[in-house]
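Open the model in your viewer and keep the selection tool at hand. The stops below move from one pair of helices to their neighbours and then to a few loop residues.

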Amino acid sequence: MNNIKRTKILNRFQKNNPDPKTELNWNSPFELLIAVLLSAQTTDKSVNKVTSRLYSIANTPESLLNLGLDRLKQHIRTIGLFNSKAKHIIKTCDILFRKYNSQVPESREILESLPGVGRKTANVILNIIFGWTTIAVDTHIYRVCNRSKFAIGKTARIVEEKLLKVVPKIFQINVHHWLVLHGRYICKARNPLCNQCIIEDLCEFKEKTIIRN
């Protein structure tokens, strides 16, 4: 795919959704960090159900530490991998409380050193909270980019690096959200809704599910 076509795609996404937002519910950087950590291999809808109850009683590093591991597990037990996620959250809260005055640091190195926080989660936090032009690549973005030929790569890291090269700076702050939402609701893993796709004529996917009149 050439850059002219990529720019047309991005312009359409921008026109369709000029101010995209994450579908995770949050009211502080810390709440977003915990929500993103919980969202691995789980839907945002499921995470929001859990955090709506959890955050009403504990939404800071101190309060989650006081809640304790066992009670935290009870609150998030409907989430996939809840045992390991609960352990990571408690350890992360302890580090933030002891070392960073309970604040989420604006540092990729520090964020990625936190238990359970990988590059994707760090990219989300740096992008949404601190306005960095980072691009987090999850399974939706990986699929959309490879399927459409927008940015081809065998790994999420390769796709991320390719996106940073081919996406103009003016779009980099929002492209993560556009691609996530497109993959979640239109360019699905099974039965992509090509008939409803706003970039269908620009997409280079060879097996489009198009019904012509």
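## A tour of the helices and loops

Begin by selecting α2 and α6, whose crossing is right-handed. Keep in mind throughout that this is a predicted model. The axes of these two helices, α2 and α6, come within 10 Å and cross at roughly 155°, which means that α2 runs roughly antiparallel to α6. To see where they touch, show the side chains of F30, L33, I34, L37 and L38 in α2, which meet K85, H88, I89, T92, C93 and L96 in α6.

**Second stop: the other partner of α2.** Keep α2 selected and add helix α8, which covers residues 119-128. The two helices α2 and α8 pack at an angle of about 150°, and their axes lie 10 Å apart, so α2 is roughly antiparallel to α8. On the α2 side the contact is made by L32, L33 and V36, while α8 contributes T121, V124, I125 and I128. The crossing of α2 and α8 is right-handed.

**Third stop: α2 itself.** How many of the ten residues of α2 are buried? Nine of them are, and α2 is therefore largely enclosed by the rest of the structure. If you colour the buried residues, you will be marking F30, E31, L32, L33, I34, A35, V36, L37 and L38. Around them, select α3, α4, α5, α6 and α8, against which the buried residues of α2 pack.

**Fourth stop: α3.** Now select residues 44-57, which form helix α3 with its 14 residues. From its first C-alpha to its last, α3 reaches 20 Å, which is close to the 20 Å expected at 1.5 Å a residue. Where does α3 bend? Centre the view on T51, where α3 bends by about 30°. T51 is also one of the buried residues of α3, a group made up of D44, V47, N48, V50, T51, L54 and Y55. To see what surrounds this group, add α2 (29-38), α4 (61-67), α5 (69-76) and α12 (175-185), since selecting these shows the helices that the buried residues of α3 pack against.

**Fifth stop: the loop after α3.** Move on to A58, which sits in the loop between α3 and α4. Is A58 buried or exposed? With a relative accessible area of 1%, A58 is buried, the cut-off for that word being under 20%. Once neighbours within four places in sequence are left aside, A58 is in contact with S63, L64 and L67. A distance label drawn from A58 back to E31 will read 9.7 Å, C-alpha to C-alpha, although the two residues are 27 apart in sequence.

**Sixth stop: two loop residues with positive phi.** Select L81, found in the loop between α5 and α6, where phi is near 60°, a positive value in a residue other than glycine. L81 is partly exposed, with a relative accessible area of 47%. Then go to N101, in the loop between α6 and α7 (108-113). Phi of N101 is near 55°, which is again a positive value in a residue other than glycine. Is N101 buried or exposed? At 62% relative accessibility, N101 counts as exposed, because the cut-off for that word is over 50%.

Terms used
Residues are numbered from 1 along each chain as its sequence is written. This is a predicted model: local features need pLDDT of at least 70, side-chain atom pairs count only at pLDDT 80 or more; totals for chains, interfaces and linings use all residues. Side-chain values use heavy atoms; hydrogens and water are left out. Helices (H or I, at least four residues) and strands (E, at least two) are DSSP runs, numbered from the N terminus. The expected span of a helix is 1.5 Å times one less than its number of residues. The bend at a residue is the angle between axes fitted to the seven residues ending there and the seven starting there. Buried means under 20% relative accessible area, exposed over 50%, partly exposed in between (1.4 Å probe, protein chains only). Contact means heavy atoms within 4.5 Å. Axes are lines fitted to C-alpha atoms, for helices over the stretch in contact, and angles run from 0 to 180 degrees between N-to-C directions. Angles under 35 degrees count as roughly parallel, over 145 as roughly antiparallel, 65 to 115 as roughly perpendicular and the rest as oblique. A crossing is left-handed if the near helix is turned anticlockwise from the far one by less than a right angle, and right-handed if clockwise.
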